[in-house]
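Reader: I am new to this structure and should be grateful for a close look at a single part of it. Please choose one pair of helices and explain how the two are arranged.

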Amino acid sequence: MMLINYMNDMSLRKKIVILFSIVGIVPLIVTFFVSYGEIRKLAVDGQSYAENKNFEQMLATLSMKFYHLEETTTMLTINKDLKTILSKKPAEMKMSEQLAVFNNVVAYTQNMEINSEFESINYFIDDRFVLTRSDTMFRKLGSVKDMPWAQSIYAKNGRSAWVMKEEPDSVPNRYLALGRLLWNPANLSEAVGIVTLNIDLNQIRLSLTKSNPRQLVYIASVTGEVIASTGEEEYEEMHLPEPIDTGKAFKKVRLENGEYLARGQKIGSTNLYLITVISNKAATEAINSIRTQMLSIYLIILLIILIFIFPAARSITHRIFLLMNKMSQVRQGRMNQLDISPSKDEVGQLISSYNYMIGSVQELMAEQFKLGQEKNEAELKALQSQINPHFLYNTLDMLNWMAQKGERDNIQQVVYALSDYYKLILNKGEDFVTVRDEVRLSAIYIEIQMKRFRNRIQIEFGVDEEAMDCFIPKITLQPLVENAIIHGISEKQGGKGIIRITGSIIHGRLLLEVKDDGVGLHGEGREKRKHKGSGYGIKNIEKRLELYFGLPAGLRFSSPDGGGTCVTIDVPVVRNEPG
């Protein structure tokens, strides 16, 4: 269950990469192991076949060679002249007769040497024959009879015997010798001599071939004595303690320095063994080489697959990620279309649908915004239309009062001021004016009120120049000035006072203050308005400021310790008239 949840929460790119990996890489891995297993089997079988074939060829060659040598000794033992010598004692033959017979034997023997692969032939016979010497073909039997190699020949009792023989006065001084007893023809139970065929060890080494650099091939006697090998160093490292006959297959053997594969077999009817030993590591080098080559090829293929997997996954997921980011922005209120080249696949159609939806939503929002603006404008106009009749009613009431008093000049001045006032209010139909125009509107309003209150009202302006060009809804200061006169100064004893209008920009906000020295705020909580009859105009201003700036009312009321009231307008700075 946890794995399923983890997979469900995994990113789309990871899922696609895993899917492509399973589809592309897993079969590749399976193919590699199956192919490697088959190729390894073929390589092992091929190598085993090559090793066995090489061994069998050497064995056949040596067996044939040694068989011919054994036939040669047989032919030597049946030579009639040799039989003549062997059948008689030296005292029974004249010297001339001995020389004649020996010459015939030498001629026959030399003819055999020419046509054979052995080095030389020696006859060991009775010491009393005149031609027996250590440096001739005929040698004294008594001088070698007790030597180990001679004893080995005697032990064979007439059969062929392969022995290692040393010749101190010759080069080379060691030979592989095929020896045979010579029997007295008159008494076949009496051995009267030995004949040996001496074979140069270098000739035998030439018959030993290796199919692997880390291989030892050698010939050993039944007692373990080495006859010839393909290398002394390899022999010291890899030779077996004793000869083995493994038949027609290699066998694993363990030596002091590791594991090896060995095969041994007797050479024909001899007492010699052909043995080959291969390092297990060397035997697997070819297989390891094949594995390395296959692994390199498959790794390259794997790398190519990976190179294609990531761009393919990215081509699918990149656009989805972009779409997801755009949808996250929509959640945050930022609705923007996804600007990428169009495509006709499923993701491309999804993006096209998203862009169409965003376009439709933007159109609806623009229409809704336009409706909202129109509603706000209508509400602003309605609120302002509530202000204007109230002011006009008071002014006309004042003109009526002046007419009754016959104050013609004052009426004329008030009418001119009222005319300027409404020129500013109309403002070519605009609902927003600069602070400069609003200050001027307040000055005209005070000018009119001064006629009514007989100059008991004074006004002062202290608005910074940088604040003059900021926009606010028109008829914002005038109702505050009117409240200051009616509900502040007029309720003061004597009905005389000063109104001060100041303005500045602090930390990106426009601060306008209307202060008076009237009776101030009444009741508990000096932050609340408790003026009798003042709620209508103030609420009107608050509502218009909220509609214009999109924020709650930016009006604050306070009453300084010295008396009077201070109304503060705190709104953002707007320097361009809204369209």
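Author: The account below turns first to the chain as a whole and then to one pair of helices. The model is a predicted one. Its protein chain contains 13 helices and 17 strands. Of the 579 residues in this chain, 42% are buried. The accessible surface of the chain amounts to about 32600 Å², and carbon and sulfur atoms contribute 55% of that surface. Among contacts in the chain with a separation of 6 or more, 62% join residues 24 or more positions apart.

The pair chosen here consists of helix H3, residues 80–87, and helix H4, residues 95–114. Their axes come within 8 Å of each other and cross at roughly 140 degrees. Angles over 145 degrees would count as roughly antiparallel, and 65 to 115 degrees as roughly perpendicular; the crossing angle therefore makes H3 oblique to H4. The crossing in which H3 passes H4 is left-handed. On the H3 side, the contact is formed by Asp81, Leu82, Thr84 and Ile85. H4 contributes Val101, Phe102, Asn104 and Val105 to this contact.

A further part of the chain may be set beside this pair. An unreviewed UniProt entry places the feature "transmembrane region" at residues 16–36 and 295–317. Over residues 16–36, the model is 100% helix and 0% strand. The C-alpha atoms at the two ends of that stretch lie 29 Å apart.

Methods: Residues are numbered from 1 along each chain as its sequence is written. This is a predicted model: local features need pLDDT of at least 70, side-chain atom pairs count only at pLDDT 80 or more; totals for chains, interfaces and linings use all residues. Side-chain values use heavy atoms; hydrogens and water are left out. Helices (H or I, at least four residues) and strands (E, at least two) are DSSP runs, numbered from the N terminus. Buried means under 20% relative accessible area, exposed over 50%, partly exposed in between (1.4 Å probe, protein chains only). Contact means heavy atoms within 4.5 Å. Accessible areas come from the Shrake-Rupley method with a 1.4 Å probe; for residues, only the protein chains shown count as cover. UniProt positions are given in the numbering used here, feature names are shortened, and annotations may be inferred rather than shown by experiment. Axes are lines fitted to C-alpha atoms, for helices over the stretch in contact, and angles run from 0 to 180 degrees between N-to-C directions. Angles under 35 degrees count as roughly parallel, over 145 as roughly antiparallel, 65 to 115 as roughly perpendicular and the rest as oblique. A crossing is left-handed if the near helix is turned anticlockwise from the far one by less than a right angle, and right-handed if clockwise.
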